[in-house]
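Q: I have a model open and would like to go through it piece by piece. Can we start with one residue and work outwards?

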Amino acid sequence: MKQIHDSGKVPRPLTAAQRSARIALIGAVMLIVTALFVFVGGWRSARLTQSRMMTAFQAASGSHPGFRRNHAKGLCVAGWFDSSGQAAAWSKAVVFEPGRVPLIGRFALAGGMPFQTDALSTVRSMALRFSPASGHEWRTGMNNIPVFAVNSAQGFYEQLVASKPDPATGKPDPAAMKEFVGRHPETARAVAIIKAQPATAGFADSTFNSLDAFRLVNSAGASVPVRWAAVPLQAAVIQASSPDDDSPQTAHGNRLFDDLIAQIHEHPLQWRLLITLGRPEDPTADATVAWPDDRPHIDAGVVTIDQVSSEDTGACADINFDPLVLPPGIEPSDDPLLSARSAVYARSFTLRAAEKPAKPPSAVTPREAQGVVKP
Amino acid sequence: MKSHAARFPFMSRCLHWSMAVMIVAMLFLGVGMAASVSPRYQLLVSIHRPLGIAILILAAARLVNRLVNPPPPLPHTMPPLQRFAADASHYVLYALMFGLPLVGWAMLSAEPYPIVIFGALHLPPILPENPVLYAGLRRLHTYLAYVMFATFVVHFAAALMHALIRRDGVFESMASWRRR
């Protein structure tokens, strides 16, 4: 490359003061850029971050390396989805075309304690990953409650902080929870709806709801707000112990899971995937609010679960059931919980993946999942 | 003093400045996204992945361009230590322009997580499923991003030093768009 000399423009030497001022200016620019980076990274700001959420989970549930930070106690299952094709008019997702799609799932109990004793009052979840051979996968996590107790990441965090056990009693401080609910009328309303629907006897007869809203988009580009639910096609068979008694004397540690295991070994379990079509006026950004009962449902097909295994050997353990893993044809709504869940699940997955070599065996053992251990 | 006023070729300046904007945006976007639980999170993630791949493609184009259009030599007036720092930081920046997107792609592959670029456009995995490997790569992605941010700050400060203190034409060799 030819060098260009324009010797007519020799810069005037800087005075000492000029030089110092310019060095100070450069230093200031570096500082401002770095401070901005630190602020955006959440280190020196009061806002709620993924790290603060992880800290709150640990404060509420203790440290359990290798386990999910929430819904820590779980069981792997596998099966398939027989799509009816009825949802294909509303969504171009391959999973809704008529046919069979393999899936991996996980049943779990809410909370960060991987060795908690099964209790009917604990929120139950069903998570599914649909893997169509010729399309994009779909992951969804659903709970057996009709609405969610909070409608924002901040609300979830405050609820978590309020549920932190008091070191003196080992139980959450009722005053803290009361104070939290007092500040969150949406939670008070949601808890009333949740309490009005008593928990069923087991996993097998639970209806699992998406809670968050999504949007289905069809090949013409038409978009409709939806929520979905997995509705059981069987009753729960109760084998382990009395279904109505959560007292520690009679409660068997894994009784809900053991009942589920026994039932899957007996016969495959099935849930109908019902998609509720919302109207434009139905709230999509507030998971604490139920949609009116008269909204139409699409019978998208049937989920069949025929295999069960412990998390220690099952394929579900390494799956992050991120609600934003959606195929084209299913899109997120404006529900802020979707971003919050996706972000927090990702951080939880990163932590537990790193801890995997140090993870103790799960509460439900591989022998138990084979149906060998009888309570 | 102005012994050196050669400019970077036009293509090199275009690549430099477009990538500068993209990389700085990416660093802030990445660090913000890794902290966020807000509704912005999904938007940030949906920009982060295609932008990262765009940087990877442009980095390859830039490397080829550098071989075709070599940069002008640094002025003879620059002390050897500063020359070394300039060369070393440029090697680090080139390595990271390739390394960060590749580690990001590799880590999502190992998770495994769908590598969505836009809509139905996905990238294939480049590593087999391995959660422990994912965790290591995820951490590496963060550390490399911090190294890149630090290198960017030093690079930016050096550019200002050339512009405001040394005034030796190095800044103008990249920042001047005047016809001549």
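Q: Is His71(A) buried or exposed, and why?
A: This is a predicted model. His71(A) counts as buried because it has 24 C-beta neighbours inside 10 Å, where 20 or more is the cut-off.

Q: Where does His71(A) sit in the chain?
A: His71(A) is in the loop that runs between H2 and strand S1 (73–83) of chain A.

Q: What is phi for His71(A)?
A: Phi of His71(A) is near 50 degrees, which is a positive value in a residue other than glycine. Most residues other than glycine have a negative phi.

Q: What about Leu211(A), what is phi there?
A: Phi of Leu211(A) is near 60 degrees, and this residue is not a glycine either. Leu211(A) lies in the loop between strand S5 (208–209) and strand S6 (214–217) of chain A.

Q: Buried or exposed, that Leu211(A)?
A: Leu211(A) counts as buried, because 25 C-beta neighbours fall inside 10 Å.

Q: OK, the strands. How many residues of S3(A) are buried?
A: Strand S3, residues 124–130 of chain A, has seven of its seven residues buried.

Q: Which residues are on which side of S3(A)?
A: Arg124(A), Met126(A), Leu128(A) and Phe130(A) are on one side. Ser125(A), Ala127(A) and Arg129(A) are on the other, and both faces are covered. In a regular strand the side chains alternate between the two faces of the sheet.

Q: What does S3(A) pair with?
A: Strand S2 (residues 99–109) of chain A pairs with S3(A) in the antiparallel sense, over seven bridges. Strand S4 (residues 138–143) of chain A also runs antiparallel to S3(A), and six bridges join these two.

Q: Give me residues to click on.
A: For S2 and S3, take Ala108(A), whose bridge partner in S3(A) is Ser125(A). For S3 and S4, take Leu128(A), whose bridge partner in S4(A) is Thr140(A).

Q: And S4(A), covered on one face or both?
A: Both faces of S4(A) are covered. Trp138(A), Thr140(A) and Met142(A) are buried on one side, and Arg139(A), Gly141(A) and Asn143(A) are buried on the other. That is six of its six residues.

Q: Switching to helices. How do H3(A) and H4(A) pack?
A: Helix H3 (residues 153–162) and helix H4 (residues 174–183) of chain A pack at an angle of about 160 degrees, with their axes 8 Å apart. Angles over 145 degrees count as roughly antiparallel, and H3(A) and H4(A) are therefore roughly antiparallel to each other.

Q: Which residues make the contact?
A: Glu158(A), Gln159(A) and Ala162(A) from H3(A) meet Ala176(A), Met177(A) and Phe180(A) from H4(A). The crossing of H3(A) past H4(A) is right-handed.

Q: Step back a bit. What is in chain A overall?
A: Chain A has eight helices and ten strands. Of its 375 residues, 45% count as buried. Its C-alpha trace spans about 95 × 60 × 45 Å along the principal axes.

Q: How many residues of chain A are in contact with chain B?
A: 46 residues of chain A are in contact with 38 residues of chain B. H1, helix H2 (50–61) and H7 of chain A each supply at least two residues of that side of chain A. The largest share, ten residues, comes from H7(A).

Q: Now chain B. What is the span of H4(B)?
A: Helix H4 (residues 131–166) of chain B has 36 residues and reaches 50 Å from its first C-alpha to its last. That is close to the 52 Å expected at 1.5 Å a residue.

Q: Which of its residues are buried, and against what?
A: The buried residues of H4(B) include Pro131(B), Tyr134(B), Leu137(B), His141(B), Met148(B) and His162(B). The buried residues of H4(B) pack against helix H1 (16–40) and helix H7 (336–355) of chain A, and against helix H1 (10–33), helix H3 (80–110) and helix H5 (170–175) of chain B.

Q: What follows H4(B)?
A: Arg167(B) follows H4(B), and its phi is positive, near 45 degrees.

Q: Last one. Where is the cis peptide bond in chain B?
A: The cis bond joins Glu111(B) and Pro112(B), with omega about -10 degrees. Pro112(B) is in the loop between H3 and strand S1 (115–118) of chain B.

Conventions. Residues numbered from 1 in each chain as written. Chains lettered and ligands numbered in written order. Predicted model: local features only at pLDDT ≥ 70, side-chain atom pairs only at ≥ 80, totals over all residues. Helix = DSSP H or I, 4+ residues; strand = E, 2+ residues; numbered from the N terminus. Expected span 1.5 Å × (residues − 1). Buried ≥ 20, exposed ≤ 12 C-beta atoms within 10 Å, placed from the backbone. Contact = placed C-beta atoms within 7 Å. Pairing = 2+ DSSP bridges. Axes fitted to C-alpha atoms, helices over the stretch in contact; angles between N-to-C directions. Parallel < 35°, antiparallel > 145°, perpendicular 65-115°, else oblique. Left-handed = near helix turned anticlockwise from the far one by under 90°.
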